[in-house]
Amino acid sequence: MKTAISIITAGLLIALFIILLNDADSKEEVGSFDNIEINDGVQYITILAKGGYSPSVTNAESGIPTILIMKTDNTYDCSLALVIRSINFQEMLEPNGEKVIDLGTPKPGTLRGLCSMGMYNFSINFN
Ligand SMILES: [Cu+2]
């Protein structure tokens, strides 16, 4: 009886493991989009500024109201000095927090952000 229970338990654990693995896989497939969230018709793009910008390339949708969220997490390097020329944005980010930047409704094209010294950059492709 004990053996049967162990076998069933082992089987369940293996099944659970496989489910978890598949779940992780499906998340990886949308990897390039996992910094994008669409909520109530608004597209939120999150970029982490810390020793550069990540992800460095984001593929997003054009023609939908878009908010860029620049996240910092104990950031004390020059990625705080953010410049986005196409929208005349030039500001020092707080070392910890989220700076919300309204991008309006982007047209197809690429938005580039860079640190004021041009050392670090990121781009968002609006498709
Ligand atoms: Cu820099």
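**Figure 1. The largest nonpolar core of the predicted model.** The largest nonpolar core has 20 residues. Leu68, Met70, Leu82, Phe122 and Ile124 have the most contacts inside this core. Five elements give two or more residues to the core: E2, E5, E6, E9 and strand E10 (121-126). The model shown here and in every other view is predicted.

**Figure 2. Close-up of Met70 and its contacts.** Met70 is one of the core residues with the most contacts inside the core. Neighbours up to four places away in sequence are left out of this view. Beyond them, Met70 touches Ile47, Ala49, Tyr53, Leu82, Leu93, Gly97, Glu98, Lys99, Ile101 and Phe122. Leu82 and Phe122 in this list are also among the core residues with the most contacts.

**Figure 3. The whole fold.** The protein has one helix and 10 strands. Along the sequence, the pattern reads α-β-β-β-β-β-β-β-β-β-β. The protein has 127 residues, and buried residues make up 30% of them. Now take the contacts between residues at least 6 apart in sequence. Of these, 54% join residues at least 24 apart.

**Figure 4. The copper site.** Two protein donors hold positions around the copper ion: Cys78 (SG) and Cys115 (SG). They lie 2.1 to 2.2 Å from the ion. Cys78 sits in the loop between strand E5 (66-72) and strand E6 (81-84). Cys115 belongs to strand E9 (residues 109-115). The two cysteines are 37 residues apart in sequence, so the pair ties together separate parts of the chain. Cys115 is buried, with a relative accessible area of 1%.

**Figure 5. The hairpin of E1 and E2.** Strand E1 (residues 36-39) and E2 run antiparallel. Four bridges join them. Glu37 has Tyr44 in E2 as its bridge partner. Two residues lie between the strands of this hairpin. Asp40 takes a positive phi near 50° there.

**Figure 6. Gln43, a buried polar residue in E2.** Gln43 is found in strand E2 (residues 42-49). Its relative accessible area is 1%, so Gln43 counts as buried; the cut-off for buried is under 20%. The Gln43 side chain reaches the backbone oxygen of Glu61 at 2.9 Å. Gln43 and Glu61 are 18 residues apart in sequence. Their C-alpha atoms are 8.0 Å apart in space. Residues up to four places away in sequence are not counted among the contacts of Gln43. The contacts that remain are Ile36, Glu37, Ile38, Ala60, Glu61, Ile64, Pro65, Thr66, Ile67 and Phe126. Of these, Glu37 also pairs with Tyr44 of E2 through a bridge.

**Figure 7. The salt bridge between Glu91 and Lys99.** The structure holds one salt bridge. Side chains of opposite charge can pair when their charged atoms come close. Here the side chains of Glu91 and Lys99 meet at 2.9 Å, N to O. Glu91 is partly exposed, at 34% relative accessibility. Lys99 is partly exposed too, at 29%. Lys99 also appears among the contacts of Met70.

**Figure 8. Gly97 in strand E8.** Gly97 is found in strand E8 (residues 97-102). Gly97 is partly exposed, with a relative accessible area of 30%. Residues up to four places away in sequence are again set aside. Gly97 then touches Met70, Lys71 and Thr72. Thr75 is 22 residues from Gly97 along the chain. The C-alpha atoms of Gly97 and Thr75 are separated by 9.5 Å.

**Figure 9. Ser123 in strand E10.** Ser123 is found in strand E10. At 13% relative accessibility, Ser123 falls under the 20% cut-off and so counts as buried. Neighbours within four places in sequence are left aside in this view. Ser123 is then in contact with Ser56, Val57, Thr58, Thr110, Leu111 and Arg112. Thr110, Leu111 and Arg112 fall within strand E9 (residues 109-115).

Technical notes. Residues are numbered from 1 along each chain as its sequence is written. This is a predicted model: local features need pLDDT of at least 70, side-chain atom pairs count only at pLDDT 80 or more; totals for chains, interfaces and linings use all residues. Side-chain values use heavy atoms; hydrogens and water are left out. Buried means under 20% relative accessible area, exposed over 50%, partly exposed in between (1.4 Å probe, protein chains only). A polar contact is a pair of N or O atoms within 3.5 Å; within protein, one must be able to donate a hydrogen and the other to accept it, and residues adjacent in sequence count only if both atoms are side-chain atoms. Contact means heavy atoms within 4.5 Å. Donors are N, O and S atoms within 2.8 Å of the metal (3.2 Å for Na, K and Ca); water is not among the atoms, so sites may look incomplete. Two strands pair if DSSP finds at least two bridges between them. A salt bridge is a side-chain nitrogen of Lys or Arg within 4 Å of a carboxyl oxygen of Asp or Glu. A nonpolar core is a set of buried Ala, Val, Leu, Ile, Met, Phe, Trp, Tyr and Cys residues joined through side-chain atoms within 4.5 Å.
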